[in-house]
Amino acid sequence: MSTNNKFNFSLENYNITNNSNLKIGIVVSEWNSDITNNLLSGTVKELIRNGLNEKNISVNWVPGSFELIYGCKHLLKKNFNAIIAIGCVIKGDTDHYEYICSSVSNGIMQLNIESDIPVIFCVLTDHNKTQSTERSGGKHGNKGTEAAIAAIKMASFK
Ligand code: DLZ
């Protein structure tokens with residue numbers, strides 16, 4: 001395995017031959033929807049670019065990032081090979097940011113511990129809108145693209 005301190009887009013370390021039957025469930029938050037829509041479109045485009053069939057990608061909206069946990073928990077009962085949680089939490093004037101960030105990351109972590117199906121964390125936790133824009137199709141790429149590749153890699157994990 002080659003060394004890499006950035007996200008590795010290559011599938012070379014995985015035994016992946018055909019993705020056309022992979023089923024991916026996506027849960028996406030309506031809060032900061034200009035950002036989450038860009039993350040979603042980056043995710044879906046990358047899944048399709050890697051051979052997934054559009055009809056095997058299920059997109060499910062929830063009100064905010066806090067609800068991603070419930071949404072993912074629900075999708076885990078369906079027949080998906082991986083779930084992707086998409087959200088964007090931006091720091092405001094109160095402590096809400098800390099509570100939501102820690103709840104969502106802990107909640108998604110817990111689902112990964114308890115379930116046999118991987119849940120991919122595509123939740124931006126940013127200090128301001130500029131940081132979110134830069135990570136949802138801007139100068140730092142689109143984290144949705146990384147989430148799609150992570151989902152494909154983890155779906156093949158045996
Ligand atoms: C309430 C709230 C706040 C202040 N900020 C965000 C945010 O930046 N990103 C996000 O996805 N959701 C936010 N929410 C909404 C909560 O996630 C949740 O939807 C509500 O607290 C209702 O449970």
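How far is an oxygen atom of the ligand from an N or O atom in the side chain of Ser-29? The separation is 3.4 Å, as the first legend below sets out.

**Figure 1. Polar neighbours of the ligand include Ser-29, Ser-65 and Ile-90.** The structure is a predicted model, in which local features need pLDDT of at least 70, side-chain atom pairs count only at pLDDT 80 or more, and totals for chains, interfaces and linings use all residues. Residues are numbered from 1 along each chain as its sequence is written, and side-chain values use heavy atoms, with hydrogens and water left out. Ser-29 places an N or O atom of its side chain 3.4 Å from a ligand oxygen. For Ser-65, a polar side-chain atom lies 2.6 Å from an oxygen atom of the ligand. Ile-90 contributes through its backbone, a polar atom of which is 3.1 Å from a ligand oxygen. Polar contacts are pairs of N or O atoms within 3.5 Å. Of the 490 Å² of accessible area (Shrake-Rupley method, 1.4 Å probe) that the ligand has on its own, the protein covers 73%.

**Figure 2. The shell around the ligand draws on strand E3 and helix H3.** Strand E3 (82–90) and helix H3 (96–114) are the elements that give two or more residues to this shell. Three residues come from E3, the largest share. The residues surrounding the ligand include Ser-29, Trp-31, Asn-32, Gly-64, Ser-65, Phe-66 and Glu-67. Cys-88, Val-89, Ile-90, His-96 and Ile-100 are also among them. A residue is near the ligand if one of its heavy atoms lies within 4 Å of it. Helices (H or I, at least four residues) and strands (E, at least two) are DSSP runs numbered from the N terminus.

**Figure 3. Asn-32 has a positive phi in the loop between E1 and H1.** Strand E1 (24–29) precedes this loop and helix H1 (33–49) follows the loop. The phi of Asn-32 is about 50°, although the residue is not a glycine. Most residues other than glycine have a negative phi. Asn-32 is also one of the residues that surround the ligand.

**Figure 4. Cys-88 and Cys-122 are buried cysteines.** A search of the whole structure returns zero disulfides (pairs of cysteine sulfur atoms within 2.5 Å). Cys-88 is in no disulfide, and the nearest cysteine sulfur, that of Cys-101, is 9.4 Å away. For Cys-122, the closest cysteine sulfur belongs to Cys-88 and is 9.9 Å away, which is too far for a bond. The relative accessible area of Cys-88 is 2%, and that of Cys-122 is 3%, so both count as buried (under 20%; exposed is over 50% and partly exposed lies in between, with a 1.4 Å probe and protein chains only).

**Figure 5. Ile-90 is a partly exposed residue of strand E3.** Ile-90 has a relative accessibility of 23% and is among the residues around the ligand. Its C-alpha atom is separated by 13 Å from that of Arg-135, 45 residues apart along the chain.

**Figure 6. Val-119 in strand E4 and Thr-145 in helix H5 are buried.** Strand E4 comprises residues 119–126, and its residue Val-119 has 5% relative accessibility. Val-119 and Val-89 are 30 residues apart along the chain, with their C-alpha atoms separated by 18 Å. Helix H5 spans residues 143–155, and its residue Thr-145 has a relative accessible area of 17%. From Thr-145 to Cys-122 the C-alpha distance is 9.5 Å, across 23 residues in sequence.

**Figure 7. Tyr-70 is an exposed residue of helix H2.** Helix H2 covers residues 68–75. The relative accessibility of Tyr-70 is 57%. A distance of 23 Å separates the C-alpha atoms of Tyr-70 and Lys-55, which are 15 residues apart along the chain.

Terms used
A polar contact is a pair of N or O atoms within 3.5 Å; within protein, one must be able to donate a hydrogen and the other to accept it, and residues adjacent in sequence count only if both atoms are side-chain atoms.
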